[in-house]
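Here are a few exercises to work through with the structure open beside you. Try each task before you read its solution.

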Amino acid sequence: MWAVGGGKGGVGKSVISANLGVALARSSQQVVVFDADLGGANLHTLLGMSEPRLGLADFLSREVATLQEVRVPTPVEGLSLISSTGGPLDMANPKSAQKEKIFRHLAALDADHVVLDIGAGSAFNTLDFFLFADRGILVVVPDPTSIENAYHFLKAAFYRRLNRAKPGEGVREVVGRVMSEIKGRGIRSPRDLIDNVAEEDAIAGEFLALQARTFRPGILVNRVRRPEDCRLGEQIGLACRDYFGTEIDFLGCVDDDIFVNRSILQRRPHLELYPNSPFGRSINALAEGLLKRSEVSDDD
Ligand SMILES: Nc1ncnc2c1ncn2[C@@H]1O[C@H](COP(=O)(O)OP(=O)(O)O)[C@@H](O)[C@H]1O
Ligand SMILES: [Mg+2]
């Protein structure tokens, strides 16, 4: 299960999720794309569909018992969609119990791969969807506001992860105490935090270090026009290593391509219309890379 997020709106999360789903469906039997942008769902449009009649809202209102049943077929063989359009307005902010129920059912989906299209921002619910997937994909575009939002998103996701990991009482006490003294201790990064906690208590330090090591989102640079745009991914990866004290995978680059908008206007999945476009080739390469990485981590 991959989650495509990025903190900022308009960076290409949805168009990448939709087409990643199409690319994965070519080599796998059953792929599901889940529209986790609960307040701004538009995956159906990018997949060339009108608003599905069934979706997450029917599951949350208990008209349908399982998430599996609100999967609808897309025009692409092997690819189905769980849509989040058309629900009540408060569906954009599900309560914790509802969210956990969605997670349980996502995990139980009968599928080879699931792609979650995450909404913008760093609200807890958004972060939780990103963290729930086996692997997070952080989409950035070469523009300072996107990079700034991406760092903020990663930092928020990391602290949220610590919070959700539910350490034992002793560890929580030390981490909580050190975190309450962040300013006085001059802690500027998760890495500083880990070092400070480790000095106080080895077990708590090891807990945090493990959380950092296993927090491994990948970075994808979208809308690349020049080779130096693409290098941004490596630079962010290096900066993250200093900041979090953990490796961040650089997943590659996606070309900026005028045919992306053309396919959206034509209301058909880009990869079906233009499989050999620069964008199409980038997405195919991304899917291939992700599948390879998931085989490696399955072997671990
Ligand atoms: N690689 C790309 N080349 C050209 N246009 C792109 C590319 N990626 C995204 N876009 C355009 O950016 C806009 C926003 O994309 P979208 O996927 O809806 O962003 P998000 O889901 O992050 O808010 C769309 O109009 C899309 O056509
Ligand atoms: Mg979107």
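Two strands count as paired if DSSP finds at least two bridges between them. Keep in mind as you go that this is a predicted model.

**Exercise 1. Find out how many bridges join strand 1 to strand 6, and which residues face each other.**

Step 1: Locate the two strands. Strand 1 covers residues 2–5 and strand 6 covers residues 135–140.

Step 2: Count the bridges. There are four of them, and the two strands run parallel. Since two bridges would be enough for a pair, this one qualifies.

Step 3: Look for partners. Trp2 has Arg135 as its bridge partner in strand 6, and Val4 has Ile137.

Step 4: Check how covered strand 6 is. Five of its six residues are buried, so strand 6 is mostly covered.

**Exercise 2. Follow the pairing onward from strand 6 to strand 8, then place these strands in the whole sheet.**

Step 1: Go from strand 6 to strand 7. They pair in the parallel sense over four bridges, and Ile137 stands opposite Gly218 in strand 7.

Step 2: Carry on to strand 8. Strand 7 (residues 218–224) pairs with strand 8 (residues 249–255), again in the parallel sense, this time over five bridges. Here Gly218 faces Asp249 of strand 8.

Step 3: Trace the connection. On its way from strand 7 to strand 8 the chain passes through helix 11, making a right-handed β-α-β crossover.

Step 4: Write down the full order. The sheet is open, has eight strands and reads 3-4-2-5-1-6-7-8, with mixed pairing. Strands 3 and 8 are at the edges; each has a single partner strand, so one side of each has no neighbour in the sheet.

**Exercise 3. Describe helix 11, then say where Gly237 sits and what it touches.**

Step 1: Take the length of the helix. Helix 11 has 18 residues and spans 27 Å from its first C-alpha to its last, close to the 26 Å expected at 1.5 Å a residue.

Step 2: Pick out the covered residues. Leu232, Gly233, Ile236, Cys240 and Phe244 are buried in helix 11. To see how such a spacing can work, recall that an α-helix has 3.6 residues a turn, so residues three or four places apart point the same way.

Step 3: See what lies against them. The buried residues of helix 11 pack against several elements, including strand 6, strand 7, strand 8 and helix 6.

Step 4: Turn to Gly237, which belongs to helix 11 (residues 227–244). Gly237 has 16 other C-beta atoms within 10 Å, so it counts as partly exposed.

Step 5: List its contacts. Leaving out neighbours within four places in sequence, Gly237 is in contact with Ile219, Ile248 and Phe250.

Step 6: Look at the end of the helix. Just after helix 11, Gly245 has a positive phi of about 70°.

**Exercise 4. Two arginines, Arg62 and Arg223, have a positive phi. Work out whether each is buried or exposed.**

Step 1: Know what to expect. Most residues other than glycine have a negative phi.

Step 2: Take Arg62, whose phi is near 70°. Arg62 is in the loop between helix 3 (56–60) and strand 3 (72–73). With 8 other C-beta atoms within 10 Å, Arg62 is exposed, because 12 or fewer is the cut-off.

Step 3: Take Arg223, whose phi is about 60°. Arg223 is in strand 7. Arg223 has 20 other C-beta atoms within 10 Å, so it is buried, as 20 or more is required.

**Exercise 5. Say what surrounds ligand 1.**

Step 1: Count the shell. 17 residues surround ligand 1, and the closest are Gly12, Lys13, Ser14, Val15 and Val260.

Step 2: Sort the shell by character. Seven of the residues are nonpolar, six are polar and four are charged.

Step 3: Ask which elements supply them. Helix 1 (13–27), strand 7 and helix 12 (258–265) each give at least two residues to the shell.

Step 4: Look closer at helix 1. Helix 1 has 15 residues and reaches 21 Å from first C-alpha to last, close to the 21 Å expected at 1.5 Å a residue. Helix 1 is mostly covered, with 13 of its 15 residues buried.

Terms used:
Residues are numbered from 1 along each chain as its sequence is written. Chains are lettered from A and ligands numbered from 1 in the order in which they are written. This is a predicted model: local features need pLDDT of at least 70, side-chain atom pairs count only at pLDDT 80 or more; totals for chains, interfaces and linings use all residues. Two residues are in contact if their C-beta atoms, placed from the backbone, lie within 7 Å. A crossover is right-handed if, with the strands pointing away from the viewer, the path from the first strand over the helix to the second runs clockwise. A residue is near a molecule or strand if its C-beta atom, placed from the backbone, lies within 6 Å of it. Ala, Val, Leu, Ile, Met, Phe, Trp, Tyr, Cys and Pro count as nonpolar, Asp, Glu, Lys and Arg as charged, and the others, Gly among them, as polar. The expected span of a helix is 1.5 Å times one less than its number of residues.
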